[in-house]
Amino acid sequence: MKKIFRSKNIARKIANKISFLSSKFDEEIKIMHVCGTHEHTITYYGLRTLLPDNVELVAGPGCPVCIVPAKEIDEAIELSLKGIKVYTYGDMYKVPGSKYSLAEARSLGGNVEVIYGFYDVLDRARKDGVESIFFAVGFETTVPTVASHIVEKDIPENLRLLVSYRLTVPALKYVLDRDDIVLKGVIAPGHVSTITGAYAWRFVSEKYNIPVVVAGFEPIDVLLAVYIILKQLVENKIRLVNEYSRVVSLNGNLVAKKYILEAFKKVDGLWRGIGILPKSRLMLRKKYSYLDARKFYSINVGEGIDLRPGCKCGEVVLGIAKPTDCPLFMKRCTPQTPYGACMVSSEGTCNIWAKYGGYIKYIE
Ligand code: SF4
């Protein structure tokens, strides 16, 4: 199965069809995806090199770590420096806060531990028995596990949550409402859609009259999504297509969605480098506020510094700039010495371009 989805011959055939359809347009066809894993597939397999000049694939706000405001990292750092154990994902560990990252805080004596998943947090918090917090970061995909343990009251007494969850649908709405970002198609995120369901993206075609395809993460998935978008544009039959139907259902994971809604409410939220987006952040509901680290501890970090001088992360996250448009790319800012948030995570566009950009990887 994997072989088919990475087949060089099939990729070439789809690319030829894309090329034929693209010749019917004089203007540029800009297609946005909103998932770091899609950017990885596109860049790692060199898919942009298979596309005609007038078809451009741009990365939108699809990295959950890149958009966490510095202030929320500062909060985690402050708690760690007070001796409270902070459990964090590895991707978050080196993302700069206003002054330090959690990794730097640890070198200053901060109590920080990197974990792979929420079950590690539960195990360790129960075993250690020390006061601890989980820095809960991510999009819709990572929320349900935590939400189910909140609702089922299966969180150890010594563990609290520093919740920094964000939602992708409001972020895409924000992008589509901007006049300076003109998109002709959207590739919706496969992972997020396993929870939300494909229908979550219907608004793109129905309200904005733009083709939208929920796509998987193999190179053939992405090329097929581009082909479907161009075909819809040529035929003027704009609609939602679920290319990733082998994994994503139309209505998503109903149990997971129920847990999310029961544990959290949607509020306006700040996105690093973007601003405040309506109903884009999850907060613990009142009945679970005893788990809220912000309420339990008095944290006082002041305003955060989201963008360091010269960093174009805000524009990169919105697909307005490419990483290579940033004068600091691979100079002051590298994966080894990240200056901006988009250079840290394996889902950050700058990090992906730094690792794979400029190299054509051939599909088998
Ligand atoms: Fe920011 Fe570094 Fe990307 Fe430039 S290369 S936009 S400094 S993360």
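**Nonpolar cores**

I looked up the largest nonpolar core of this predicted model. That core holds 72 residues, and Phe135, Leu176 and Trp201 have the most contacts inside it. I then asked which helix gives the most to this core. Helix H9, residues 168–177, does, with 5 residues. A separate core of 30 residues lies apart from it, and its members include Phe5, Leu51, Ile187 and Ala225.

I took tryptophan 201 next and left aside its neighbours within four places in sequence. Its contacts are then Thr168, Val169, Leu172, Ala188, Pro189, Val192, Ser193, Thr196, Val212, Val214 and Leu240.

**Ligand site**

Where does the ligand sit? I find the ligand in the largest cavity. I listed the residues that surround the ligand: Cys311, Lys312, Cys313, Cys326, Leu328, Phe329, Cys333, Tyr339, Gly340, Cys342, Met343 and Cys350. Sorted by class, this shell has 10 nonpolar, 1 polar and 1 charged residues.

**Tryptophan 353**

I placed tryptophan 353 in helix H16, which covers residues 349–356. Is tryptophan 353 buried or exposed? Tryptophan 353 counts as buried because its relative accessibility is 17%, and the cut-off for buried is under 20%. Not counting residues up to four places away in sequence, tryptophan 353 touches Glu39, Thr43, Arg48, Lys322, Pro323, Thr324 and Phe329. Phe329 is also one of the residues around the ligand. I checked methionine 343, another residue of that shell, against tryptophan 353. The two are 10 residues apart in sequence, and their C-alpha atoms are 9.0 Å apart in space.

**Helix H3**

Two of the residues touched by tryptophan 353, Glu39 and Thr43, led me to helix H3, residues 36–44. Both are buried there, as are Gly36, His38, Thr41 and Ile42. Just after H3 I noted glycine 46, with a positive phi of about 65°.

**Valine 55**

I found valine 55 in strand S2, residues 55–59. Valine 55 counts as buried because its relative accessibility is 7%. What does valine 55 touch, not counting residues up to four places away in sequence? I list Ser22, Ile29, Ile31, Val226 and Leu230. For the pair with leucine 230 I looked up both separations: 175 residues in sequence, and 9.3 Å in space from C-alpha to C-alpha.

**Helix H8 and lysine 153**

How many residues of helix H8 (residues 143–151) are buried? I count 8 of its 9 residues as buried, so the helix is mostly covered under the 20% cut-off. The buried ones are Val143, Pro144, Val146, Ala147, Ser148, His149, Ile150 and Val151.

H8 is followed by lysine 153, which I placed in the loop between H8 and strand S6 (159–165). Lysine 153 is exposed because its relative accessible area is 58%, and exposed requires over 50%. Its phi is near 55°, a positive value in a residue other than glycine.

**Lysine 279**

I looked up a further positive phi, that of lysine 279, and it is near 50°. Lysine 279 is found in strand S11, residues 275–284. I noted these lysines because most residues other than glycine have a negative phi.

Notes:
Residues are numbered from 1 along each chain as its sequence is written. This is a predicted model: local features need pLDDT of at least 70, side-chain atom pairs count only at pLDDT 80 or more; totals for chains, interfaces and linings use all residues. Side-chain values use heavy atoms; hydrogens and water are left out. A nonpolar core is a set of buried Ala, Val, Leu, Ile, Met, Phe, Trp, Tyr and Cys residues joined through side-chain atoms within 4.5 Å. Buried means under 20% relative accessible area, exposed over 50%, partly exposed in between (1.4 Å probe, protein chains only). Helices (H or I, at least four residues) and strands (E, at least two) are DSSP runs, numbered from the N terminus. Contact means heavy atoms within 4.5 Å. A residue is near a molecule or strand if one of its heavy atoms lies within 4 Å of it. On a 1 Å grid over the protein atoms alone, a cavity is a set of points where a 1.4 Å probe fits but cannot get out, and a pocket is an open set with protein on both sides within 12 Å along at least five of seven lines; lining residues have an atom within 4 Å of a point. A molecule sits in a cavity or pocket if more than half of its atoms lie within 2 Å of its grid points. Ala, Val, Leu, Ile, Met, Phe, Trp, Tyr, Cys and Pro count as nonpolar, Asp, Glu, Lys and Arg as charged, and the others, Gly among them, as polar.
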